[in-house]
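Morning, everyone. Please pull up the model on your screens, and let's walk through it together.

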Amino acid sequence: MQCPSLSHEDGDLVSSPKKRRRTTAGATAQPAACNYGLRRLALRPHLWVCDGFLSAEECAILRDVVDRGAHGEGSRPPNLRPEEQEVMDGIAQRIGVLVDTEPHQSETPLAARRTPTSHPAAPDIFLGLHVDTFQGSPRRFVTGLIYLNEGIVGGETAFPLAIATKEAAQVDGVSTGSSGDIGGQGRSNFSQMVGRAEALLAAGCFHTTAASTPTLGADGGYDEPPEELGAAAAELLDWAGGRRGLRVQPREGRLLLFFTRVEDGKIDPYSWHGGCAVRLGGAAKLTLQAFKQVPGSGSKGDKLEEKISCYIRPRLEPLLDASTHNVKKKKK
C-alpha cells in the first residue's frame with residue numbers, strides 16, 4: 001500500500017510527520033517522546049505510561065475546573081479562567097507533540113470528568129468495556145488519559161486483553177494478570193476472548209452495554225440485538241472481572257497513552273478497556289481525556305482504514321523508538 005504524503009480527497013488531510021532533526025554531527029536526534037520518559041506497558045494495545053506528565057500545580061488547577069462544573073463524559077466548563085485555558089491548551093499541545101498531531105477542529109475538546117465512589121455492591125467493571133471509536137468517532141486513533149488526584153481506592157483503568165511488556169510489572173501502580181504469556185488451556189481461553197472482542201467490533205458494537213440494548217427499528221419499534229452479541233459481551237466482562245490483562249492505578253499527573261487502532265488502520269480488539277469502580281474510603285477519581293483524531297472527514301470502511309493506516313504508521317514509529325531508548329537509558 002502506497003501512502004500519499006498529502007491528500008485532500010474527500011476533505012481528508014493525511015500528512016506525514018515532520019522529519020526528525022539532525023544534530024550538527026549528522027546523527028539523528030532522539031524522538032521528542034524520549035523527553036517525556038514514556039514507559040511501554042503493553043505490546044497490544046500500543047500502550048504507554050508517563051508519570052509526572054502534569055505538574056502538581058497543573059493538577060491543582062484542573063481539579064478546580066472539575067469541581068466547578070465537570071459532570072461526566074466530555075464535560076468542559078465554558079467559563080474557563082485565563083490560567084485554566086492556558087493549562088488546557090498547553091496539555092493539548094503536548095499530547096499533540098507526542099503523536100505528531102496538532103489539535104484541530106475535528107477533535108472534541110479535552111474532557112474533564114469526575115467518577116464518584118460506587119455502591120458497595122457495584123461490579124468491578126461497573127460501566128462496562130468499550131473502544132474509543134464509540135459515539136460516532138471512527139477517526140479516533142489514540143487516547144491520552146490523565147489522572148488528576150491521589151487517594152483513590154480502586155478506580156484503575158483495566159485493559160483485560162492487554163499483552164503486557166516485561167517492564168510493566170516494574171511500574172508502580174500497574175498490575176499484570178494472565179494474558180498471551182500463559183500456555184495450555186489458559187492461552188486457548190485468552191484466544192477465545194480476543195475472538196469475542198473481534199466479533200463485537202465486526203458487528204459494529206463498540207461498547208459492551210450496546211450488545212444488550214434494544215435499538216429503534218425502521219418500523220418505529222425496538223429491535224433486540226442478537227443473543228450472541230450479548231453473550232460475547234458478558235464473557236468479555238467476566239474475563240475482565242478476573243483481573244486479567246493489565247490494570248493501571250491513578251497517580252496524580254500520570255498520563256496513559258494508548259492506540260485504539262493498529263498499523264493496518266483497523267480497530268485494535270486488544271484495546272477494549274474500562275474504568276474500575278471507585279470504592280468507599282477514598283476520594284472520587286478526577287481525570288482529563290484527550291481523544292486524538294486523524295484530521296479530515298468522510299470515508300468509511302476499507303478506504304478509511306487505509307487512510308488511517310497511512311497516518312498512524314509514521315507516528316507510531318517514534319513512540320516505539322522512544323520506548324527502546326528509555327529502557328536502554330534506564331539500564332545504564
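Let's start with strand β11. This is a predicted model. In it, 5 of the 5 residues of β11 are buried, so the strand is largely enclosed by the rest of the structure. Which way do its side chains point? L255, L257 and F259 point one way from β11. L256 and F258 point the other way. All of them are buried.

Now, the neighbours of β11. On β4, residues 140-147, the pairing with β11 is antiparallel and runs over 5 bridges. One pair to find on screen: V142 has F259 of β11 as its bridge partner.

Then there is β2, residues 47-50. Here 4 bridges join β2 to β11, and the two strands run antiparallel. Look for two pairs. C50 stands opposite L255. V49 stands opposite L256.

Stay on β2 for a moment. Which way do its side chains point? L47 and V49 point one way, W48 and C50 the other. Again, all are buried.

Next, β1, residues 39-44. β1 and β2 form a hairpin, with 2 residues between them. Their pairing is antiparallel, over 3 bridges. A42 has L47 of β2 as its bridge partner. R40 stands opposite W48.

Zoom in on the loop of that hairpin. P45 lies in the loop between β1 and β2. The peptide bond from R44 to P45 is cis, with omega near -10°.

Let's step back to the whole sheet. What is the order of its strands? It goes β3-β13-β4-β11-β2-β1-β6. That is an open sheet of 7 strands, with antiparallel pairing. Which strands stand at the edges? β3, at 111-115, and β6, at 163-164. Each has a single partner strand, so one side of each is left without a neighbour in the sheet.

What lies across the sheet strands? Take helix α2, residues 82-98. Helix α2 lies across β4, β11 and β13, running at about 50° to β13.

That brings us to the packing. The largest nonpolar core has 37 residues. Which of them touch the most other members? L62, I91, I146, L148 and L288. Several elements give two or more residues to this core: β2, α1, α2, β4, β11, β13 and α5. So far we have met the strands and α2; for the other two helices, look at 56-69 for α1 and 301-331 for α5.

Take I91 as an example. Leaving aside neighbours within four places in sequence, I91 is in contact with L54, L62, L110, I146 and L288. Apart from this core lies another one, of 24 residues. Its members include V131, L161, L201 and C276.

C276 leads us to the cysteines. Buried or exposed? C276 is buried, with a relative accessible area of 1%. C205 also counts as buried, at 5% relative accessibility. Now, a disulfide is a covalent bond between the sulfur atoms of two cysteines. How many disulfides are counted in this model? The count comes to 0, with a cut-off of 2.5 Å between the sulfur atoms.

Next stop, H207. Where is it? H207 is found in the loop between α3, at 184-202, and β8, at 215-216. Buried or exposed? At 16% relative accessibility, H207 counts as buried, because the limit for buried is under 20%. Its side chain makes a polar contact of 2.9 Å with the side chain of T209. Then look further along the chain. Leaving aside neighbours within four places in sequence, H207 is in contact with L127, G128, L129, H130, F134 and W272.

Last, two backbone details. D100 lies in the loop between α2 and β3. Phi of D100 is near 50°, a positive value in a residue other than glycine. R243 also has a positive phi, near 60°, and is likewise not a glycine. Where is R243? In the loop between α4, at 227-241, and β10, at 246-248. At 43% relative accessibility, R243 counts as partly exposed.

To close, back to where we began. β11 pairs with β4 over 5 bridges, and 4 bridges join β2 to β11. Its residues are buried, 5 of the 5. Thanks, and over to you for questions.

Key:
Residues numbered from 1 in each chain as written. Predicted model: local features only at pLDDT ≥ 70, side-chain atom pairs only at ≥ 80, totals over all residues. Heavy atoms only, no water. Buried < 20%, exposed > 50% of the residue type's maximum accessible area, 1.4 Å probe, protein only. Pairing = 2+ DSSP bridges. Contact = heavy atoms within 4.5 Å. Axes fitted to C-alpha atoms, helices over the stretch in contact; angles between N-to-C directions. Polar contact = N/O pair within 3.5 Å; in protein donor to acceptor, adjacent residues only side chain to side chain. Core = buried A, V, L, I, M, F, W, Y, C linked by side-chain atoms within 4.5 Å.
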